[in-house]
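Good morning, and thank you for coming. I should like to take you through one structure, moving from its helices to its charged pairs and then to its aromatic and nonpolar residues.

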Protein chains: 2
Amino acid sequence: MGENEDGEIIEHHVNEEMEKRHLTRRPGSFSEVAKLSERERHSNTQSSHRLLAYSDALLSIIATVMILPVAHTKIQDNEELKESLQQLLTTKIAVYLMTFLIVTVAWAAHIRLFQVIERIDDCLALLNLACMMLITFLPYTFSLMAAFPENILGILFFCGCVVVIGLIQAVIVLYGFSQPFLLNDQIQVSENLTFYKKHILKVILRVPVFCFVAIIFSLIFPPMAYVILAFVIFFPYISQLVKWCHGKAVGRQEETPESMLFYSYHPNEPLSKERVEAFSDGVYAIVATLLILDICEDNVPDPVEVQHKFNSSLVVALQEFGPEFLAYFGSFATVGLLWFVHHSLFMHVTKSTRLMGILNTFSLAFVGGLPLAYQLTHEFTQNSRNELEAIQISCVIIFFAGIFQLAIWVVALFSQHETLHPCVHYGGQDHAFMLAKLSLYPAVALGTFFITCVLSEFSAPVFHLTQIVVPVAFLLLRLLVRVALAVLHWLFCPHRPTMLDLQGEQDSRLDFNDVVT
Amino acid sequence: MGENEDGEIIEHHVNEEMEKRHLTRRPGSFSEVAKLSERERHSNTQSSHRLLAYSDALLSIIATVMILPVAHTKIQDNEELKESLQQLLTTKIAVYLMTFLIVTVAWAAHIRLFQVIERIDDCLALLNLACMMLITFLPYTFSLMAAFPENILGILFFCGCVVVIGLIQAVIVLYGFSQPFLLNDQIQVSENLTFYKKHILKVILRVPVFCFVAIIFSLIFPPMAYVILAFVIFFPYISQLVKWCHGKAVGRQEETPESMLFYSYHPNEPLSKERVEAFSDGVYAIVATLLILDICEDNVPDPVEVQHKFNSSLVVALQEFGPEFLAYFGSFATVGLLWFVHHSLFMHVTKSTRLMGILNTFSLAFVGGLPLAYQLTHEFTQNSRNELEAIQISCVIIFFAGIFQLAIWVVALFSQHETLHPCVHYGGQDHAFMLAKLSLYPAVALGTFFITCVLSEFSAPVFHLTQIVVPVAFLLLRLLVRVALAVLHWLFCPHRPTMLDLQGEQDSRLDFNDVVT
């Protein structure tokens, strides 16, 4: 792959030579110019960083788009929340969760693709935009499919989109391999470029082929088409499971290390940590601002209405909308603090794997439901059964969002030498601190849930109290953990002076700023 | 500032020592442990990269939030667009533009703050979240102020938010200067840390003080409060202008280089390029998906309705929603390609300045209006006067969005040695290519506008044709520019062989993939 290495070196040369040329301003001879002009072509390649950031932003918006129909479903206070919730649960929430899953699958495929193709040029950027346009259309086609399961039009649209997306991705791969300096360095220097090309194309084209089969079946026997679509999503996991079981049954088989690196669906396959963060940031940001979007649109009182209905008193008019603001601040704070935990978590994770990615997706899917739950808690009259249930749903959602974050941590601990920063390995103080951070929300949510079960009449005050206590707890967490550890130490081995005691002494000399967090 | 330098070195040591400790697993002596534990505190500081990315995502969502009420205003086909537009223009669009401006001012202040504080710890992260929560509330308070200009409640809320935001930022600065290892390296090693602290606090606290004055005036003489608020936003620019005029009048005065670096409002003050990109990416992503959000929410036909109204024919029902899809694909493609131009532009810009940031803000503000304009073009009957006007508005918006991007380029060219990559300096081929990329959209928009003025009956076909032609033009741009340059060369100096001819020869030997883009 001499050419590729040249490609690399050339890029550096171009810049240097450009600089030189700029200084001297006159190219020396024609041959030099000719050489240069050929090299210039390579200078059009770019790091794909920003393209991926933009794609992540688009995908995170699209992943959360289907929560809007759920959030905007008007629930009447007079009917029981449970009944209307059952309606919601069966259709809109299912559609939300499924589209979230589908978009994250598309996102994972996008990551895989751009782990192979590391540099881009204008043509790839435009192809990627076309691909994104179709991906953003997937939620609509899916919701059409869900609304009209009998009608084959929905499945035709959906499969049509997926087929075209798959073909564009295949074109991107072919284009990338035709200009190897765009590829990942590892693939560039590898001997069997054609093996990679075939393997990757095989994996990518599997999806459109299956969808094409689904289209054909939808014309003959529609239910089979849905089975095939479900199979497409879960196929990699099923095949991994089968492989794993097979491996366990006949004794461990070594996999070819080359096929391992790209487009394997092994749980330990590395996943770009940067992109997991970018996608999560996008989702957290949208979910945090979801309620303010509604407030800005609907809750600015109409001047005419205020004059007639509220006797020109804006204060009275705004009191009507008061609960909405509380819901907004509550959900913003909760989503923000969950982001904060996520941020601390991925600061300590040095390498993220596909399994972590899946757990992160589950956590994000629950986070997406938070604004809705918060909105519900403020929509019902005080101490009604509906309010109690809305609060309990909020607790359940927070609990699961937090517990999946904790699960990421647990998975990371299993291979801590590879995936974690040394300072948070088992037994360190930072480890205890991180664990406390991660378990604060699940613990509080679980506690609130049980309190509301027992003392149902105090559910609202308890819930609102947690809204205020949790941020303070995060601010003082480092102090609290130190105190807890000191107490534990004092209880179980009071005679041996330890790190913690020494630290405690030092801390007492430090001012407030140093102690908090 | 020996302490600060220690802080830096310590961070590196911690990691190494941690690693060592992990290998040996047993700390040697108590003194070593004590030393270590003190150092561990420093390991809690983190790069602020992800916090800023999350803040940028939140701010870009909030900046564009007020376009939603504009987009969702139902315009009736029977009344003239002009009349309803006048209503829109006076209130909602003005509110959108003002909130966009206010949020970008807050964003610029946020950039300034985190150019000084480069590392964060948990406490700063939580303070920043609190600050963000209040910033996301600004558009609502502003639209309340705009809806009820007579009522002082709006101005009280707005100013209250700004005062608290300013105070939180002041706390962040105080916290940062109390732990100097969190600060920018340049400030850390500087002699007059207190000078910086005072200067920065002075600039930050100016805004809440003015707002406090505005609150007091709102109780006495409300109009004065609005004047003060307008003054707060434009004060830095006015003061710069006065300084500049003064400098011109009495002869150039050298400014103190130290106060130049941070919190000056000089047009050449560096602006973090990374954050300009992140904020722009966020805005482009939201604007691109704005229409699909509506489509997903409103345009999935109701099964019951389809059965009764459309005789169970989903195809007929979807045809009702057809124009919406076209508008979506059109606006996604246009926004995507404007992003693509922005991406190419900032790839060549090596250092962005405050002036570029302002021009970028103007460009983004116009981009935010695009989906609305596209939606309008498809809402009216063919060949109506409303449709023509909607198409012309779209052209005007695209033109201005493009022309401000071009303005960034022109500004960058004025100090090209500092701000541009050498390969795009005047006269290079990449320079011509970049110029073509930047001027394609303004030129097409201007052309379409004049064609629709002259041939008003063909306005819709012409507009739709540009939707298809422009992406192809971008794909073939490199080829087109080369042909154009070769033709120009042939026309004006046909006898001298140049770089371009040689390149042309080489190109003819290259395959299709190499030539396009």
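Let me begin with a question: at which residue does α12(A) bend, and by about how many degrees? The bend is at A:L290, and its angle is about 40°. Before going further, I must state that this is a predicted model.

Let us stay with this helix for a moment. Helix α12 of chain A covers residues 273-298. Its 26 residues should span 38 Å at 1.5 Å a residue, and the end C-alpha atoms are indeed 38 Å apart, so the two values agree. As for its surroundings, 21 of the 26 residues are buried, and the helix is therefore mostly covered.

A second helix of chain A invites the same treatment. Helix α18, residues 429-454, also counts 26 residues. From its first C-alpha to its last it reaches 36 Å, which is close to the expected 38 Å. α18(A) bends by about 40° at A:S439, and the proline A:P442 follows within four residues.

For the chain as a whole, the assignment gives 22 helices and 4 strands in chain A. Of the 517 residues in this chain, 55% are buried. If we take contacts in chain A between residues at least 6 apart in sequence, 78% of them join residues at least 24 apart.

I turn now to the charged side chains. As a general matter, side chains of opposite charge can pair when their charged atoms come close. How many salt bridges does a search of the whole structure find? Over all chains, the count is 12.

One of these joins B:D281 to A:R50, with an N to O distance of 2.9 Å. B:D281 belongs to helix α12 of chain B, residues 273-298, whereas A:R50 belongs to helix α3 of chain A, residues 49-64, so this pair joins two chains. Are these two residues buried or exposed? Both B:D281 and A:R50 are buried.

Another salt bridge lies within chain B, where the side chains of B:R275 and B:D56 meet at 2.8 Å, N to O. B:R275 sits in helix α12 of chain B and B:D56 in helix α3 of chain B, so the pair ties together parts that are 219 residues apart in sequence. The relative accessible area is 3% for B:R275, which is buried, and 1% for B:D56, likewise buried.

A further salt bridge is formed by B:R478 and B:D430, whose closest N and O atoms are 3.7 Å apart. Here B:R478 is in helix α21 of chain B, residues 477-492, and B:D430 is in helix α19 of chain B, residues 429-454, so parts 48 residues apart in sequence are tied together. B:R478 is buried, at a relative accessible area of 9%, and B:D430 counts as buried at 8%.

Let us look next at helix α3 of chain A, which contains A:S55 and A:D56. A:S55 counts as buried, with 0% relative accessibility. Leaving aside neighbours within four places in sequence, A:S55 is in contact with A:H110, A:N128, A:M132 and A:R275. A:D56 is buried as well, at 2% relative accessible area. With residues up to four places away set aside, A:D56 touches A:W107, A:R275, A:A278 and A:F279. A:D56 and A:A278 are separated by 222 residues in sequence, yet their C-alpha atoms are 6.2 Å apart in space.

Next come the aromatic residues. The structure holds 43 aromatic pairs over all chains. Among them is the pair B:F399 and B:F400, with ring centres 5.5 Å apart and planes at 75°, so this pair is edge-to-face. B:F400 is partly exposed, its relative accessible area being 31%. One aromatic cluster draws on both chains: A:F137, A:Y140, B:Y328, B:F329 and B:F332.

Finally, the nonpolar core. The largest one has 303 residues, and those with the most contacts inside it are A:Y54, A:F177, A:F474, B:Y54, B:F177 and B:F474. Which helix gives the most to this core? Helix α6 of chain A, residues 122-147, does so with 17 residues. For A:Y54, contacts beyond four places in sequence include A:L129 as well as B:Y284, B:A288 and B:W339. A:Y54 also contacts B:D281, the residue that forms the salt bridge with A:R50.

Thank you; I welcome your questions.

Methods: Residues are numbered from 1 along each chain as its sequence is written. Chains are lettered from A and ligands numbered from 1 in the order in which they are written. This is a predicted model: local features need pLDDT of at least 70, side-chain atom pairs count only at pLDDT 80 or more; totals for chains, interfaces and linings use all residues. Side-chain values use heavy atoms; hydrogens and water are left out. A salt bridge is a side-chain nitrogen of Lys or Arg within 4 Å of a carboxyl oxygen of Asp or Glu. Buried means under 20% relative accessible area, exposed over 50%, partly exposed in between (1.4 Å probe, protein chains only). Rings of Phe, Tyr and Trp (its six-membered ring) pair if their centres lie within 6.5 Å; planes under 30 degrees apart count as stacked, over 60 as edge-to-face and the rest as tilted. The expected span of a helix is 1.5 Å times one less than its number of residues. The bend at a residue is the angle between axes fitted to the seven residues ending there and the seven starting there. Contact means heavy atoms within 4.5 Å. A nonpolar core is a set of buried Ala, Val, Leu, Ile, Met, Phe, Trp, Tyr and Cys residues joined through side-chain atoms within 4.5 Å.
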